[in-house]
Each structure stands twice: as structure tokens, then as C-alpha cells.
Amino acid sequence: MRTARAVSAGTGASGAGGGRYGESFFRPEQAGEGRRIDFGALAYDDVTMARLRAVGAGPGWRCLDVGAGTGTVSRRLLQDAGVASVLAVDRDVRFIGGRPVPGLEVLEADVTAPGFVSGRFRLVHARFVLMHLPERDRLITALAELVAPGGVLVLSDAVDLTSDSAPSTPYATAMRAMWKGLRATIGTDVTWVPSYPRLLREAGLGSVAAEIHVPPLLPGSAISRFWADTWKRSRAAMTATGLVDDEAVDEAVRYLGSDECAAVSAGMLTAWGWRSDGPATPRTRAFPQPSHDADRAE
């Protein structure tokens with residue numbers, strides 16, 4: 001494994017309130033942050049890998065994993081899919097560098113900076129990244145330009161299912177406060193995520209498609225523990241909205257861990273599009289069913 005540093009990890013645009021993911025909230029040096037990210041990985045990695053395998057990721061593929069987090073997808077591309085190499089990029093690579101595997105290259109860089117990486121890749125993948133960043137149209141176009149002829153761009157982000165018409169539960173109330181608070185402080189915005197297919201098409205990609213996965217909220221599950229940890233770290237932003245106070249956040253955490261929980265988690269929308277200006281556009285393989293292990297915390 002090789003680690004490199006490119007653009008300063010501290011550069012780039014900030015959110016609406018002047019803050020930024022990883023600085024105002026979800027700081028990598030904060031105790032337990034790596035575990036929080038891994039809970040999210042447990043909830044979504046099997047589904048992500050099933051999609052990446054279905055689009056053909058396998059031997060000979062050179063891959064770029066943007067916002068790689070703790071590197072779980074990068075490593076599984078190498079170990080499970082058998083791709084040739086993965087370049088894992090993040091603003092802070094401390095969670096990736098300690099878990100090396102052959103074929104993994106780690107780059108500490110800011111993906112909002114022009115030219116943060118050079119070359120082209122058969123697969124470009126980003127999950128839960130663009131929702132936290134401004135200039136999303138520009139960034140999707142920039143990522144599409146990194147796709148080699150015959151390659152594919154796969155993007156995943158959250159979709160909020162706690163609309164005003166959804167049943168009122170402690171979970172739904174906390175989620176509404178979280179989305180509003182994070183948008184005001186660090187610019188997180190999931191309202192545009194359903195536009196992914198159109199944006200991929202406008203970026204020059206073809207054979208565009210999309211799907212949504214919603215993990216079940218079960219007591220002790222990875223996704224329930226992920227949201228509880230996320231609320232812990234974003235509590236100040238949540239209470240600042242006036243939608244919840246500390247007591248309401250605590251109630252939501254208890255609700256998540258109880259058998260009374262009856263709510264729908266945020267979903268993960270995944271969209272993909274192909275760069276067809278070269279070899280014939282690859283055909284997507286049948287989509288395998290993910291393992292239920294993704295919904296169980298370790």
C-alpha cells in the first residue's frame with residue numbers, strides 16, 4: 001500500500017453556516033469517529049458491493065474510491081471483487097492507512113479542489129460525500145471526467161424519508177432536526193439527491209440508472225447505532241434548530257434501541273452512468289441479493 005498527500009486537506013468551500021464536515025462536526029480525531037463510520041459501512045457495504053459487482057467491477061479494473069472513510073469499500077473491491085487497484089481518497093486518511101492490503105493506494109486530498117487526482121479509472125465511486133459539499137453539479141461533472149472510456153461512475157447519497165406527512169415518532173423528529181441543523185451549519189443537503197440520474201446524464205454519461213436501499217431500524221442494528229452516534233456528534237446543530245431539545249434527542253436515542261421503534265430509516269440512493277466514448281458500453285450483470293449481515297452490528 002502506498003500513501004500520498006496531494007491538495008491540502010483543509011482547503012475547499014465551507015457550508016452555509018461557515019462550517020465544514022470533519023471540522024465543525026464529525027471530526028476524525030474525535031473519539032469513536034472511526035467506529036461511527038464503520039457502523040454506516042456495516043449497514044450499507046453489502047448493498048454497495050453488490051451494485052459494484054453488478055456493474056462489472058472485477059479483475060483488471062483500476063478504481064477510484066472518493067471519500068473512502070475507513071476504506072471498507074476500497075478493501076472489498078480488492079479482496080472480494082479482485083480489481084487490479086484502488087486509489088482511496090479522503091481529506092483525512094488516518095482510518096484507511098492503518099489497514100493496508102495489496103493494490104490499495106491512499107491519497108490525502110480535497111476532492112473539491114480542481115485536479116485533486118490525475119488519470120482515468122474504470123470505476124469512480126463516491127458514497128455519502130457529495131451531500132456534504134457545495135457546487136455539486138460541478139463536482140459530478142469533474143468526477144465524470146475521471147471515468148475512462150467504457151467505465152462507470154457510481155454515486156450514493158442519503159435520501160430523507162421523514163417528510164412532514166410521515167408518522168411523527170421520536171426518530172422522525174430527531175432526523176428532521178439533524179438534516180435542518182447540518183444544512184445550516186456545514187451545508188449538508190440531501191434534497192437534491194433524487195436529481196442524480198439527470199445530473200449524470202448532463203455530465204455526459206449514458207445508460208443511467210438508479211435504485212434506493214432502506215435498511216431496517218432494528219434495536220442494536222448497525223444503522224440504529226450509526227444514527228445514535230451521529231446525533232451525539234451533531235447534537236448542538238440539532239438543538240439550535242428549535243425542533244428538539246436535549247431531552248428529545250435522548251428520547252430518540254432510547255427509542256432507536258427499543259422494541260417500540262417503528263420508523264423508516266433514511267435511504268441510500270445509488271445512481272450510475274457509463275462513459276461510452278470508446279469501447280462498447282458494458283452490460284450490467286444481474287443484481288445479486290445482499291447478505292443480511294449488513295444489518296447486524298458487531
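Ile 212 is found in strand S7, which spans residues 206-213, and in this predicted model Ile 212 counts as exposed, because its relative accessible area is 53% and the cut-off for that class is over 50%. Ile 212 does not stand alone at the surface, since Leu 161, Ile 212, Val 214 and Val 264 form a nonpolar patch there, with about 310 Å² of accessible area together. Strand S7 also holds Ser 207, whose phi is near 50 degrees, a positive value in a residue other than glycine. Most residues other than glycine have a negative phi. Ser 207 is partly exposed, at 46% relative accessibility.

A positive phi is also found at Glu 135, which is not a glycine and has a value of about 55 degrees. Glu 135 is placed in the loop between S5 and H4, and with 47% relative accessibility Glu 135 counts as partly exposed.

Helix H4, made of residues 136-144, leads on to the interior, for this helix gives the most to the lining of the largest cavity, with three residues. Rolling a probe the size of a water molecule over the atoms shows where empty space is left. The count comes to one cavity of 30 Å³ or more, and the volume of the largest cavity is about 30 Å³. Its lining consists of Val 66, Val 111, Phe 116, Leu 130, Leu 139, Ala 142 and Leu 143, and these residues divide into seven nonpolar, no polar and no charged.

Charged side chains come next, and a search of the whole structure finds eleven salt bridges. One of them joins the side chains of Asp 229 and Arg 35, at 3.3 Å from N to O. Asp 229 lies in helix H7 (residues 222-240) and Arg 35 in helix H1 (residues 33-54), so this pair ties together parts that are 194 residues apart in sequence. The two partners fall into separate accessibility classes: Asp 229 is buried, at 11% relative accessibility, whereas Arg 35 is partly exposed, at 47%.

Helix H1 takes part in another such contact, in which the side chains of Asp 45 and Arg 127 meet in a salt bridge of 2.8 Å, N to O. Since Asp 45 lies in helix H1 and Arg 127 in strand S5 (residues 121-127), the pair ties together parts that are 82 residues apart in sequence. Here Asp 45 is buried, with a relative accessible area of 5%, and Arg 127 is buried as well, with 12%; both values count as buried because the cut-off for that class is under 20%.

A further salt bridge brings together the side chains of Arg 94 and Asp 92, again at 2.8 Å from N to O, and Arg 94 is partly exposed, with a relative accessible area of 43%. Salt bridges can also be followed through a network, in which Asp 46, Arg 76 and Asp 80 are linked.

The path ends beyond helix H7, where Asp 245 lies in the loop between H7 and helix H8 (246-256). Asp 245 is partly exposed, with a relative accessible area of 44%. Asp 245 and Ala 174 are 71 residues apart in sequence, while their C-alpha atoms are 9.5 Å apart in space.

Technical notes: Residues are numbered from 1 along each chain as its sequence is written. This is a predicted model: local features need pLDDT of at least 70, side-chain atom pairs count only at pLDDT 80 or more; totals for chains, interfaces and linings use all residues. Side-chain values use heavy atoms; hydrogens and water are left out. On a 1 Å grid over the protein atoms alone, a cavity is a set of points where a 1.4 Å probe fits but cannot get out, and a pocket is an open set with protein on both sides within 12 Å along at least five of seven lines; lining residues have an atom within 4 Å of a point. Grid points are joined across faces, edges and corners, and a volume is the space filled by probe spheres set on the points. Helices (H or I, at least four residues) and strands (E, at least two) are DSSP runs, numbered from the N terminus. Ala, Val, Leu, Ile, Met, Phe, Trp, Tyr, Cys and Pro count as nonpolar, Asp, Glu, Lys and Arg as charged, and the others, Gly among them, as polar. Patches are made of residues with over 30% relative accessible area and no salt bridge: like charges are joined within 9 Å, nonpolar side chains (Val, Leu, Ile, Met, Phe, Trp, Tyr) within 5 Å. Accessible areas come from the Shrake-Rupley method with a 1.4 Å probe; for residues, only the protein chains shown count as cover. A salt bridge is a side-chain nitrogen of Lys or Arg within 4 Å of a carboxyl oxygen of Asp or Glu. Buried means under 20% relative accessible area, exposed over 50%, partly exposed in between (1.4 Å probe, protein chains only).
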